[in-house]
Amino acid sequence: MSIRVKKPVAAIVLLAALAVAAAFNGHGLGNLAQSIGNYKLARFFFGVAALSGNGPSQNNLAGLYAEGRGGPQDYQAAAKWFQRASDNGIVQAKFNL
């Protein structure tokens with residue numbers, strides 16, 4: 001006996017699972033997305049974690065903004081996130097400023 005799930009339902013379930021996972025481990029998911037070259041998704045996951053005060057995510061998000069990966073290059077956003085990461089003790093962020 002097999003259960004057939006329609007594609008829209010499966011997509012909604014997948015998105016809900018990703019949202020829950022991002023809330024708990026956005027940094028890890030950002031690293032995964034970045035490692036496979038999906039910088040747009042990496043920006044999203046690092047952004048979720050960065051907003052919750054995760055210093056490494058703030059630094060990684062800043063780097064994506066500075067390099068223009070996953071979206072437009074934005075030096076002001078990069079500086080803001082590097083500063084927040086620096087305030088959280090991330091030495092690399094201090095160097096990047």
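Trainee: How should Ser86 be read at 10% relative accessibility, as buried or exposed?

Mentor: At 10% relative accessibility Ser86 counts as buried (under 20% relative accessible area, with exposed over 50% and partly exposed in between, for a 1.4 Å probe and protein chains only). This is a predicted model, in which local features need pLDDT of at least 70 and side-chain atom pairs count only at pLDDT 80 or more, while totals for chains, interfaces and linings use all residues. Residues are numbered from 1 along each chain as its sequence is written, and side-chain values use heavy atoms, with hydrogens and water left out.

Trainee: Where does Ser86 lie, and which residues is Ser86 in contact with, leaving aside neighbours within four places in sequence?

Mentor: Ser86 belongs to helix 4, residues 75-87 (helices are DSSP runs of H or I, at least four residues, numbered from the N terminus). Beyond those sequence neighbours, Ser86 is in contact with Ala93, Lys94 and Leu97 (heavy atoms within 4.5 Å).

Trainee: How do helix 3 and helix 4 pack?

Mentor: Two packed helices are described by the angle between their axes and the distance between the axes. Here the angle is about 160 degrees and the axes are 8 Å apart (lines fitted to C-alpha atoms over the stretch in contact, with angles from 0 to 180 degrees between N-to-C directions), and helix 3 and helix 4 are therefore roughly antiparallel (over 145 degrees). Among the residues that meet are Leu61, Gly63 and Tyr65 in helix 3 and Trp81 and Phe82 in helix 4.

Trainee: What is the relative accessible area of Gly63?

Mentor: Gly63, in helix 3 (residues 55-67), has a value of 16% and is buried, and its C-alpha atom is separated by 9.3 Å from that of Ala79, 16 residues apart along the chain.

Technical notes. Helix = DSSP H or I, 4+ residues; strand = E, 2+ residues; numbered from the N terminus. Parallel < 35°, antiparallel > 145°, perpendicular 65-115°, else oblique.
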